[in-house]
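Let's take a walk through this assembly, going from the contacts between chains to the ligand sites. Keep the 3D view open and turn it as you read.

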Amino acid sequence: MSQLATRDLTVRFGGHVAVNGVTCTFEPGTLTAIVGPNGAGKTTYFNLISGQLKASAGTVTLGGRDLSRASASQRTRAGLGRAFQLTNLFPRLTVLENVRLAVQATRDGAHRRGLNLWSVWNDHADLLARADAILAAVAMKEREMELVSNLPHGDQRKLEVALLMALEPQVYMFDEPTAGMNHAEAPVILDLIRQLKADRSRTILLVEHKMDVVRELADRIIVLHNGTLVADGKPAEVIASPIVQEAYLGLSPQDASAQHVALSHPNPAPRGGGLPS
Amino acid sequence: QAKEIRIAHVYSRTGPLEAYGKQTQTGLMMGLDYATGGTMSVGGRKIVVIEKDDQGKPDLGKSLLATAYSDDKVDLAIGPTSSGVALAMLPVAEEYKKILLVEPAVADSITGDKWNKYVFRTGRNSSQDAISNAVAMDKPGTVVATLAQDYAFGRDGVKAFRDSLKNAKIVHEEYLPQTTTDFTAGIQRIVDKLKDQPGRKVIEVIWAGGTPPFNALAAQNLKTRYGIDVFTGGNILPAMAAYKQFPGMEGATYYYFGIPKNPVNEALVAAHYKQFKAPPDFFTAGGFSAAMAVVSALKKTNGETGSDKLIAAMEGMSFDTPKGKMTFRKEDHQAMQSMYHFRVKVDPAFAWGVPELVREIKPDEMQVPIRNKR
Amino acid sequence: MSNRKDFDWKPLALVPVLALLVFPFIGSPSTWLTLTVAGLAMGMIVFIIASGLTLVFGLMDVLNFGHGVFIALGAFVATSVLGAMGDYTNSASLWQNMLAVLPAMGVAMLVAGAIGLAFERFIVRPVYGNHLKQILITMGGMIIGEELIKVIWGPLQIPLPLPEGMRGTLLFGDAAVEKYRLIAVVVGAIVFGVLLWTLTRTKIGLLIRAGVQDREMVEALGYRIRVLFVGVFMVGSALAGLGGVMWGLYQQNVVPQMGAQVNVLIFIVLIIGGLGSTTGALVGALLVGLMANYTGFLVPKAALFSNILLMMAILLWRPQGVYALSK
Amino acid sequence: MLNRLLSNDFPRSRLLGAILVLLFLALAFQPFLIPGIKALNVAAKVLVFIVLVASFDLLLGYTGIVSFAHTMFFGIGAYGVAIASSRMGAGWGAIALGTLVALALSFVLALAIGLFSLRVRAIFFSMITLAFAAAFQTLASQLSDFTGGEDGLTFRMPEVLSPGFTLSETPFLGLVIDGRILCYYLLFATSTVLFLALLRIVNSPFGRVLQAIRENEFRAEAIGYRVVVYRTISSILSALFATLAGAMLAIWLRYNGPDTTLSFEIMLDVLLIVVIGGMGTIYGAAIGSGLFLVAQSYLQDLLRLASGAVAGLPWLAALLSPDRWLLWLGLLFVLSVYYFPTGVVGRLRALRASAAIRAPFPPAAPAAASPPTKSMQGDYVENN
Amino acid sequence: MSENLLTLAGVHTHIGAYHILHGVDLAVPRGQLTMLLGRNGAGKTTTLRTIMGLWRASQGRIAFAGQDITQAATPRIAGLGIAYVPENMGIFADLTVKENMLLAARGARHARQMDDQRLQWIFSLFPAVEKFWNHPAGKLSGGQKQMLAVARAIVEPRELLIVDEPSKGLAPAIINNMIEAFARLKASGVTILLVEQNINFAKRLGDTVAVMDNGVVVHAGSMRALAEDEALQHELLGLAL
Ligand SMILES: Nc1ncnc2c1ncn2[C@@H]1O[C@H](COP(=O)(O)OP(=O)(O)OP(=O)(O)O)[C@@H](O)[C@H]1O
Ligand SMILES: Nc1ncnc2c1ncn2[C@@H]1O[C@H](COP(=O)(O)OP(=O)(O)OP(=O)(O)O)[C@@H](O)[C@H]1O
Ligand SMILES: [Mg+2]
Ligand SMILES: [Mg+2]
């Protein structure tokens, strides 16, 4: 079983410790939600796992294989796939080509990951078919010939997820996949994640601020706060813990009993002074 | 009416040597006019000049010359401005078996190891330049440091200069990159070598194009500080503005309009003043000489333009030029000519340092080596 | 820029360190002094001609390959202005000379600035934010500019004699320093001071840097960024014009190609300094000036490549140049 | 068949297709169509430049690397043939050996540059290559024992390729087939093969990855492509093709010197052609070379006519003087970056809405319409 | 209260060859908070950009405080008293947080000249802004950037505040703060136009609402009415609030 593990993973930016000695394992077949206040280090943690950032200390292993020194592309090929919080695509290529490139990237064998100089790209019909299928799954088939730069924000978010799907990794890392997506569109993505969950060999990591989503999908929640792992456990327990209530949801301890109200109808808890006159 | 005589003039109408090329063209046309007595024809055949712009590019010059010989059916060609272009052109003349009269490209090898029998040159070659400079300064007890550009032209020039010095002694050769703009280090090296030498101390500058080192040399006050003199060759008038800072500087030049006293030069200067309100320059004289050579040869053949006829006529031929008589040496077709030992005088009426004649160095005073294989 | 809490002294220290390091190899103190002072002064001249480009690149992120044209333009304008003021230039008094040179500088800067306005409008404006197109189009601009200079002033080399009073050398013991170089040091120091002050003490620098990153947002904040961009480009061009006057007077002659000739040198200075950093450009220029003299004296063969070697060495140390902007 | 030859990358515009066919036919039958040395020289240069420019486009248009050192490789190829031919004497062996050694040298240099390019920012890189190209040119003229210095090298080619050789005295279709014509057809064949090879490369899966890297290097790395490897291979390939173009030029000219293959002007010409033709389209290289070189060769003649016509207006005449041909070329340059951001090919393709075909790379939207938003291009901030 | 500060009448917008807005009619009443809803790609962002003059309306009329701004340049529109938070946040990544804020404070030439009281209030809402005051803004986390974007828009009082999706990527606690902030701003007389996907946000704050689809406004009315009419919600937004 290929299990993802981080041990004492740490990164410093100058004096600021953005991720501080996080040790954690993620088992295949589980969806772990990572929550925490803005700036807690969630994205940075992802960056350390997928290799966009080099860790100051600590290790990342996948199925026992140490990937700490591997580059981002090597880690992707080893099975760590990730989608970005702020969309980050190939803007002047079409939607289809974006996905096709991702499909090709991890295909060995005849495709040699695109290191093939002497065949014509659209001879590889299997890749195109696969890209088409993925676009159908995220309900973007009708836009496949458009340039990505012309897509509205929500569609770019969906494409971001489609690229991750195309990589077919062992580990899926979603960074706020539904941010900026409306209520008609978000379910498409959430359904996809549910389907992935059904495949018990995949490990899924999900950073998400919408607590209703987390509550529904997560098998487990870990909480990062100021770069430190402060809670880890079953969703209900974790959400109920004081640290989440206070630091994350912004509820004072007295409000804890009213949490379900807070989650669906956030209650303003004014802090600091009012607007100066 | 007989067929016209077609002459191609391939030169740098544009490019880095644009200024030189245009002077040549002016001189050539004035020379043809003068030599034909204003008729622009010889032996009843009209002379037509076809201009080609090589832009200073050898490959272009080569194909232009081929075009001229084959498509434009010219009888002979004159040019080009740059030595590199000339060297690329030489084999074309041989291929088409037609005369190429080189003017003003200076490289020795044009009439040296790259020569072929269709090549003549009215312009002076580097050796002539260097040797005349050597002759001008060669006195016992003189110690010399040379300052030259670090490429084939500079090194060949210094070599020719060194070979023809008999009495003076070279103590240092300084080569600087062609594109040098700051001469501090180079001059400092020379000064360190020269300043404690006994006798007359001289820096011989052999420099073409770019930024010449004269301003830098002048600023250093070498004469008063160390008693070091500067020697150099001639140049075009704008470049001689820098000579103003060296009253008394000596050297040997190819041409300055005030120096040669002969009717041809008087005609050139007069015609040039009339047309441009300015004196003719270095390369104007060259173009004029080339025209004189061509017309003299055509007169000898009575307007016939067969290459063999022309070669026979030109080998050993003497002809008048603004610089007096020139003679195409039989062996390598190089025109033997006088050079002028000058001394700079500063005259507020002129924007440049005026070279005054010290003495004319006649061709037979200079042993210009013959370097070609026949 | 304002978060530069502790100033990074290391690059600045490179200059004296280099000078001290070569001293034992040169031996003679007077030779060393001559080379060092001349090199530093040369560096100042180079800084002046590079400053406009640093400004335009650092603030506007425009890589102007046509910068050289403004240098040439400034120099040519100077030939015309100084040519008309023979009385002042022929005088041996430095003050009289100044009365000719200062107007020449002023006119050169005005003309270069005005042409800069047109250049910005017709050449650069359509390509903001696209380096590739900037490179291409400004090169086109350079060709056009150079040819236009030839149309106006002719293709010939034009002499630009240094006024009488600025010629010659000052002697410090056995070491000789050209007077003109000392003047260049003063001009360079003034340019440096004014630039640094404008960039760090005013909001203009901030606005332009922000405008480069997201022009729409700056406009949405209510600023007319276009006017600012034009202004900065004009100042950059005017500085190039000033540089042209200084360079032309140093060479004492001008050719239309002079701009293209110094382009590579300026780029090297910019790369060493870190693109867009004024202090970096100064350090880069000084290093280039010193290196040229030291290698020219010690190993003349290598002098040709001294700039490139210096650049490589610096890039190995700091791949973004000595003062990289935050990126 | 045609499909395979063109690597499934059709012109996608009827007009463009027609122009390409016309160009091909014109080059194929040039010696029979327009007699004269000048026209033949222009045509041969077009053949060489098609390869040179297409190889540069692989770097610039497809990989997004701006290098001014491309002529260096062009020069290496030309010097390879030149030095070998002048040392060993005329012969096929000399050509082959010279080309091979040149290819090897280019390979090593391109590898070094490719690896170096990753250490510095893209914009740095282009300035640095500018300095390098200048230094290399100086080096070439300094090593005069080898390269003939400023004066360059003049050498001979094997008998069959020399002007003196004639296949038979009887003219064929009104033309005596001499060595020069044979040499032209040698270039023609080489150029065609190399062009098709480049077309194949850019349309291969590899070519597509290059475009992805150009668009967003950070993301390309993130989806698993080792950017270093692809970039380096691309640099090397483009260098090798440029080397071959250099060898072709040397064979044709029987001369090489620093100004002929290494000068910055050539680099400018190449840039201009890429822009006029259309970046990121190999076809653009062909059309651009054809248009540009013909224009360049006949521009001065044209200007002579024009300035003669306006002789009465001294100002205009000065501007139209044939000596100022560069001015007009520069203007053409600026205007084409301005108005043809996608070049001739892009323009022609845009004329025809390419929605129906599965065209993965329709021309980018005109730059003016969408102001660049930093988040979509250029240097990505890695966080998030 | 029902006077309109901003009105759009029959606005069409083309982007290149694409026709995006097909006659948008929108009224933003003075002193109220107007929500603009609609599915992805409906044209909300395009509408806001057209108001700001970042795209040009090809037809129709936009008026702000009685002035026609349809053809006005962006700086002038902003200068009339509109603050704008774009969808992509428009953070100047190379500048520090402080410098980002300073640029938005048009009156201040130095950080010292910014209204300190107001700053303190902003710090209390968005602690990250204070914490990273001297850091390059590009290094902030996604949510921190979003906070900075909003903080920057409210650094000085403006008549109209236009915000494109303020809550995306924010932790619930911060969303609460932001809701609080908008409520306070509204109370101080600022008119607000919000594009938002977060339903709680919309319901809690909205006075009036407009729903867009396919480049036109398909519904406009009071928020309360929409909140109470589930059938209408389904029809317009495909969900129940
Ligand atoms: N490259 C960097 N340099 C300096 N600081 C950084 C860098 N990247 C992240 N940080 C800091 O590290 C902290 C964690 O950032 P991170 O992006 O991981 O937060 P996050 O948990 O993903 O927050 P959000 O929910 O807002 O996305 C932040 O305070 C951020 O400012
Ligand atoms: N630069 C552009 N070029 C071409 N089309 C564009 C461009 N920007 C937006 N569009 C198109 O305009 C339409 C409206 O986009 P807009 O961004 O206004 O939607 P939105 O309602 O803000 O969506 P979202 O909720 O996803 O942000 C979309 O179909 C989009 O494809
Ligand atoms: Mg994050
Ligand atoms: Mg939007």
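What follows is a tour of two chain–chain interfaces and two ligand sites.

Some ground rules: this is a predicted model, in which local features need pLDDT of at least 70 and side-chain atom pairs count only at pLDDT 80 or more, while totals for chains, interfaces and linings use all residues. Residues are numbered from 1 along each chain as its sequence is written, chains are lettered from A and ligands numbered from 1 in the order in which they are written, and side-chain values use heavy atoms, with hydrogens and water left out.

Start where chain D meets chain C. Here 44 residues of chain D are in contact with 47 residues of chain C, contact meaning heavy atoms within 4.5 Å. The size of an interface is often given as the accessible area lost when the parts come together. For chains D and C, the buried area comes to about 4100 Å², with carbon and sulfur atoms giving 79% of it; that area is what two parts lose on being put together, summed over both, using a 1.4 Å probe.

Specific polar links between chains D and C can be listed quickly. The count is one salt bridge, where a salt bridge is a side-chain nitrogen of Lys or Arg within 4 Å of a carboxyl oxygen of Asp or Glu. It joins the side chains of R324(D) and E147(C), at 2.7 Å from N to O. Two residue pairs are in polar contact, both at pLDDT 80 or more. A polar contact here is a pair of N or O atoms within 3.5 Å; within protein, one must be able to donate a hydrogen and the other to accept it, and residues adjacent in sequence count only if both atoms are side-chain atoms.

Which elements of chain D supply at least two residues each to the side that touches chain C? They are α6 (122-142), α13 (264-277), α15 (314-320) and α16 (325-339), with α6(D) giving the largest share, 12 residues. Helices are DSSP runs of H or I with at least four residues, strands are runs of E with at least two, and both are numbered from the N terminus. By class, this side of chain D divides into 33 nonpolar, five polar and six charged residues. In that scheme Ala, Val, Leu, Ile, Met, Phe, Trp, Tyr, Cys and Pro count as nonpolar, Asp, Glu, Lys and Arg as charged, and the others, Gly among them, as polar.

For a close-up, find L319(D) in helix α15 of chain D. Leaving out residues up to four places away in sequence, L319(D) touches L148(C) and V151(C) across the interface, plus R324(D), L327(D) and W328(D).

Now swing round to chain A. This contact takes 41 residues from chain D and 50 residues from chain A. The area buried between chain D and chain A is about 4100 Å², of which carbon and sulfur atoms give 59%. There are two salt bridges between chains D and A, and R219(D) forms one with E160(A), the closest N and O atoms being 2.5 Å apart. Polar contacts link 11 residue pairs, both residues at pLDDT 80 or more. On the side of chain D that touches chain A, α8 (179-202), α9 (205-215), α10 (217-222) and α11 (227-253) each give two or more residues, and α9(D) gives the most, seven.

On to the ligands. Ligand 1 is surrounded by 22 residues, the closest being K42(A), T43(A), T44(A), S141(E) and G143(E); a residue counts if one of its heavy atoms lies within 4 Å. Since residues from chains A, D and E surround ligand 1, the site is shared between chains. A polar side-chain atom of T44(A) sits 2.4 Å from an oxygen atom of the ligand. The protein buries 94% of the 630 Å² that ligand 1 exposes taken alone, with accessible areas from the Shrake-Rupley method and a 1.4 Å probe; for residues, only the protein chains shown count as cover.

Ligand 2 has 19 residues around it, and they come from chains A and E, so this site is shared between chains too. A polar side-chain atom of T46(E) lies 2.5 Å from an oxygen atom of ligand 2. The shell around ligand 2 has five nonpolar, nine polar and five charged residues, and α1(E) gives the most to it, with three residues.
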